[in-house]
Amino acid sequence: MDQGSGGGPHRARGRFGAPSCGARAPGAPWARFSAWLECVCVVTFDLELGQALELVYPSDFQLTDKEKSSICYLSFPDSHSGCLGDTQFSFRIRQCGGQRRPWHTDDRHCDSGAPVSLQREPAHYFGYVYFRQVKDSSVKRGYFQKSLVLVSRLPFVRLFQALLSLVAPEYFDKLAPCLEAVCSEVDQWPAPVPGQTLNLPVMGVVLQVHIPSSADKPESGPPKQCSHKNLLPAPVVLTSVHELDLFRCFRPVLAHVQLLWELMLLGEPLLVLAPSPAVSSEMVLALTSCLQPLKFCCDYRPYFTIHDSEFKEFTTRTQAPPSVVLGVTNPFFIKTLQHWPHVLRIGEPKMPGDLPKQVKLKKPSRLKTLDTKPGLYTAYTTYLHRDKALLRRLLKGLQKKRPSDMQTAVLRRHLLELTQSFIIPLEHYMASLMPLQKSITPWKTPPQIHPFCQDDFLRSLEHSGPQLTCLIKGDWLGLYRRFFKSPHFDGWYRQRHKEMAQKLEALHLEAICEANIEIWMKDKSEVEVVDLVLKLRERLVRAQGHQLPVKEATLKRARLYIETVIGSLPKDLQVLLCPP
């Protein structure tokens, strides 16, 4: 795909007017739409301008010039991909200029019940692309080239790919009116509340999806779907909103899955060079998903080009390579990122059937600038021994012609058990740092969470380490020591510490509500009583915003306590604390 002449992507005026008029106000139209999508973009190829942003819908959604430029370049395969026909892929860009759309209470509610790996991205946008390139003699260039892009903060790649496969072909035929109708339908969808199975109507089809919840058991598979009896037409059931066909994505690297899992766990920089944006984005998303239920805390770009605004940041040699997984299709990156410690070069995908030739482990010094052969170029030595039984099971599945979804289930279960075996000892040790409940008294500041001591944790592994749940041998201690230096340990620790602090605050609130407040007030000054009112109110607000795990009965008691305390104060203070 030719990137076009001129100084960069331009914005063409579309049917819906100028695309960036300002941020949406709370309670404005499109509130339901924005629970799923930020906006929909159409990018076209203009012979004189290059990639052009034809329209953004809703038209009042605000994008910076840098974001528009990134969306334009990332919505088209580059010249090395040669994608004819229709292709789907995805990208992820950094939001510029801070948060512009107000963070609705519903968003916080949805995030509070979602697994950490599936919560909204506050600082990044996902772009889900449906690109079409077909011969068209009516066009000067001889080709029709256009992309429909869904921009969202939700990592629901399977759902948005399914939505695009319904909408994009129709849009390319009927253009703007079709897109406006689809956006109006999305604006009628219920909010993506974790744990719910939803029916999402669009273009005469009903997509049935389950929104994952942190209460779901990862190993139990997709939940039972709702009855279809009263639905006409019968819904198209998506087994997952986010999970890719892991077996298909990893087919060329199955022999190295455990090595790649370690690289992901340790936040190592990895360049993925693929033949197309579709292969590149699926491989990067598969790699970043293999740590679930652990949140992937490093940066990752499913598809990245030399035109990206962060190109210089990622390719600089003045400092160590950043912790990022970068998916590219341009071989130029091999030369530019020769100093990166790990490069995965994958070839054209093979037809389903026998196991494709596995990429070989090669030394980074064998990287060539242009004709680099498929391989995993790294000098990394794994801490854990390879589980040969996994590859044997997958090969046996191929011989028996086991369906790809069953092979994916085997692979996903293996990675889940490996991650859980690694994380469970950390969770147990972290839980031991929580103060005992009996040490929480109503009228004293709650005790602090004990500090995380790495040496104490490593000593605990002798009796409660991964060997209790995992048969894989190796240098687990060395892997933990290296993990402590990674962004994933920092992200996991911050999240767990935050949850424990909230639990501590909730227990303290419960202790206050179970105490006899009238006895406490007898010898207290007005200042101390007012201070208690303000603190109780602050915690009520936090609890009602789903930031504290508190029962409804406790909240009712807290409100009653506040009324009782205020009623005991002089009238002038009552007026101050409860203005009319």
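In this predicted model, strand 7 and strand 8 (residues 205–210) run antiparallel and are joined by 6 bridges. Along this pairing, Leu 200 sits opposite Leu 207 of strand 8. The two strands belong to an open sheet of 3 strands, put together in the order 7-8-9 with mixed pairing. Strand 7 (197–202) and strand 9 (236–237) take the edges, and each has a single partner strand, so one side of each goes without a neighbour in the sheet.

Another antiparallel pairing turns up earlier in the chain, where strand 2 (residues 39–46) lines up with strand 3 over 7 bridges. Here Asp 46 has Gly 50, in strand 3, as its bridge partner. As for its surroundings, strand 3 (residues 50–57) has 8 of its 8 residues buried, so the rest of the structure largely encloses it.

Turning to the helices, helix 4 covers residues 157–174, which makes 18 residues. From first C-alpha to last it reaches 25 Å, close to the 26 Å expected at 1.5 Å a residue. Still, helix 4 is not free of a bend: there is one of about 30° at Val 167, with a proline, Pro 169, following within four residues. Val 167 itself is one of the buried residues of helix 4. Others on that list include Leu 163, Leu 164 and Ala 168, along with the aromatic residues Phe 160, Tyr 171 and Phe 172. Just after helix 4 comes Leu 175, and its phi is positive, near 60°.

Aromatic rings also have plenty to show, with 30 aromatic pairs in the structure. Take Tyr 429 and Phe 452: their ring centres are 4.9 Å apart and their planes stand at 80°, and since planes over 60 degrees apart count as edge-to-face, this pair is edge-to-face. Tyr 429 is part of helix 12 (residues 404–431), while Phe 452 lies in the loop between helix 12 and helix 13 (454–464), so the pair ties together parts 23 residues apart in sequence. Both Tyr 429 and Phe 452 are buried.

The two are also members of a cluster linked by ring pairs. Among the other members are Trp 261, Phe 422, Phe 457, Tyr 480 and Trp 492. Phe 483, Phe 484, Phe 489 and Tyr 493 belong to the cluster too. One more ring, that of Tyr 300, has a charged residue for company: Arg 92 lies over the face of Tyr 300, at 4.1 Å from the ring centre.

Definitions and conventions
Residues numbered from 1 in each chain as written. Predicted model: local features only at pLDDT ≥ 70, side-chain atom pairs only at ≥ 80, totals over all residues. Heavy atoms only, no water. Expected span 1.5 Å × (residues − 1). Bend = angle between axes of the 7 residues up to and from the residue. Buried < 20%, exposed > 50% of the residue type's maximum accessible area, 1.4 Å probe, protein only. Pairing = 2+ DSSP bridges. Phe/Tyr/Trp six-rings, centres within 6.5 Å; stacked < 30°, edge-to-face > 60°. Lys NZ or Arg CZ within 6 Å of the ring centre and 35° of its normal.
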